[in-house]
Amino acid sequence: MTDRVKRGKHPKADEPATGDARRDRWRKHRVERRAEFVEAALKALDEHGPDLAMDDVAVAAGVTKPVLYRHFADKADLYDALGQRGTELLFSRLVPAINAELAPVPRIRMALDAFFTVIEEHPNLYRLLVRGSFAGKQADADVVAEDKELIATALTALLGDYMRMFNMDSGAAEPWAYGIVGMVQNTGEWWLERRSMSRDSVVEYLTQIIWAAIDGLARQQGVEIAPNKPLEENKIAQFTRAHPKEETDVG
């Protein structure tokens with residue numbers, strides 16, 4: 001997976017210290033200030049929707065637009081920062097849920113609830129990232145597609161581990177993983193626009209669909225899995241983002 005947009009003039013929180021105390025303090029200040037502006041942008045999104053402008057963000061942050069541009073190269077840079085914040089919000093809830101030591105059905109339900117809770121709390125952020133543009137400017141990175149790929153890859157490995165544990169053919173793991181992720185994303189977008197049922201209801205319906213597929217395939221191969229009994233071995237999904245020269249853990 002490729003990196004998101006990188007703009008070297010703006011410091012990142014994970015950059016190593018330079019050893020120059022004064023320079024490092026200034027860098028830390030700029031990182032913190034940039035993070036504050038991203039939170040202000042999230043508030044502006046709540047008020048103005050995904051069509052918000054940089055002026056709206058500046059007002060929410062209590063600064064002038066030129067001050068905002070000292071910390072963001074352009075609208076695409078702010079979009080990228082919002083995308084990274086959205087990824088943090090999602091994975092901070094999704095990863096613990098997917099890796100919870102629970103019975104199969106409660107574990108599925110918890111993971112789905114984590115996703116739907118995040119998009120319910122930040123619907124305009126999700127709409128902005130799905131649309132892939134900010135105030136009419138097309139973004140350089142597809143944040144939603146990147147996260148979808150990351151989740152599907154981790155889920156492929158997780159399902160494969162469980163299928164091999166039950167001596168099942170693990171060849172189905174990858175199409176299953178991508179099918180599940182695609183279904184959940186499409187259902188999430190539908191639910192945000194329609195809101196014809198509660199979050200608990202849509203989570204429960206999807207839980208039933210996913211479990212029915214898993215249970216059906218397992219039974220076809222002579223394997224019975226108790227839906228509400230923890231498995232003897234709890235497999236863990238590893239979420240890693242591949243960079244050109246390295247892999248970095250998410251979270």
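The second largest pocket of this predicted model is lined by 47 residues. Closest to the centre of that pocket are Ile98, Ala111, Ile151, Leu155 and Ile180. Its volume comes to about 950 Å³. Below you will find who lines this pocket, how the whole chain is put together, and a visit to two individual residues.

**The second largest pocket**

- Six helices each give two or more residues to the lining: H4 (75-98), H5 (104-121), H6 (123-131), H7 (143-165), H8 (173-194) and H9 (199-220).
- Which helix gives the most to this lining? That is H7, with 10 residues.
- Sorted by class, the lining holds 38 nonpolar residues, alongside 5 polar and 4 charged ones.

**The chain as a whole**

- The protein chain has 9 helices and 4 strands.
- Reading from the N terminus, you meet the elements in the order α-α-α-α-α-α-β-β-α-α-α-β-β.
- The chain has 251 residues, and 46% of them count as buried.
- Take the contacts between residues at least 6 apart in sequence: 69% of these join residues at least 24 apart.
- About 13400 Å² of the protein chain is exposed, and carbon and sulfur atoms supply 51% of that area.

**Thr156, a residue of helix H7**

- Thr156 is found in helix H7, the helix that gives the most to the lining of the second largest pocket.
- Is Thr156 buried or exposed? Its relative accessibility is 18%, so Thr156 counts as buried, the cut-off being under 20%.
- Setting aside neighbours within four places in sequence, Thr156 is in contact with Ala173, Glu174, Ala177 and Tyr178.

**Ser92, a residue of helix H4**

- Ser92 has its place in helix H4, one of the helices that give two or more residues to the pocket lining.
- With a relative accessible area of 48%, Ser92 is partly exposed, because that class lies between the 20% limit for buried and the 50% limit for exposed.
- What does the side chain of Ser92 reach at 2.9 Å? Its partner there is the backbone oxygen of Leu89.
- Ser92 and Val118 are 26 residues apart along the chain, and 9.9 Å separates their C-alpha atoms.

Technical notes. Residues are numbered from 1 along each chain as its sequence is written. This is a predicted model: local features need pLDDT of at least 70, side-chain atom pairs count only at pLDDT 80 or more; totals for chains, interfaces and linings use all residues. Side-chain values use heavy atoms; hydrogens and water are left out. On a 1 Å grid over the protein atoms alone, a cavity is a set of points where a 1.4 Å probe fits but cannot get out, and a pocket is an open set with protein on both sides within 12 Å along at least five of seven lines; lining residues have an atom within 4 Å of a point. Grid points are joined across faces, edges and corners, and a volume is the space filled by probe spheres set on the points. Ala, Val, Leu, Ile, Met, Phe, Trp, Tyr, Cys and Pro count as nonpolar, Asp, Glu, Lys and Arg as charged, and the others, Gly among them, as polar. Buried means under 20% relative accessible area, exposed over 50%, partly exposed in between (1.4 Å probe, protein chains only). Contact means heavy atoms within 4.5 Å. Accessible areas come from the Shrake-Rupley method with a 1.4 Å probe; for residues, only the protein chains shown count as cover. A polar contact is a pair of N or O atoms within 3.5 Å; within protein, one must be able to donate a hydrogen and the other to accept it, and residues adjacent in sequence count only if both atoms are side-chain atoms.
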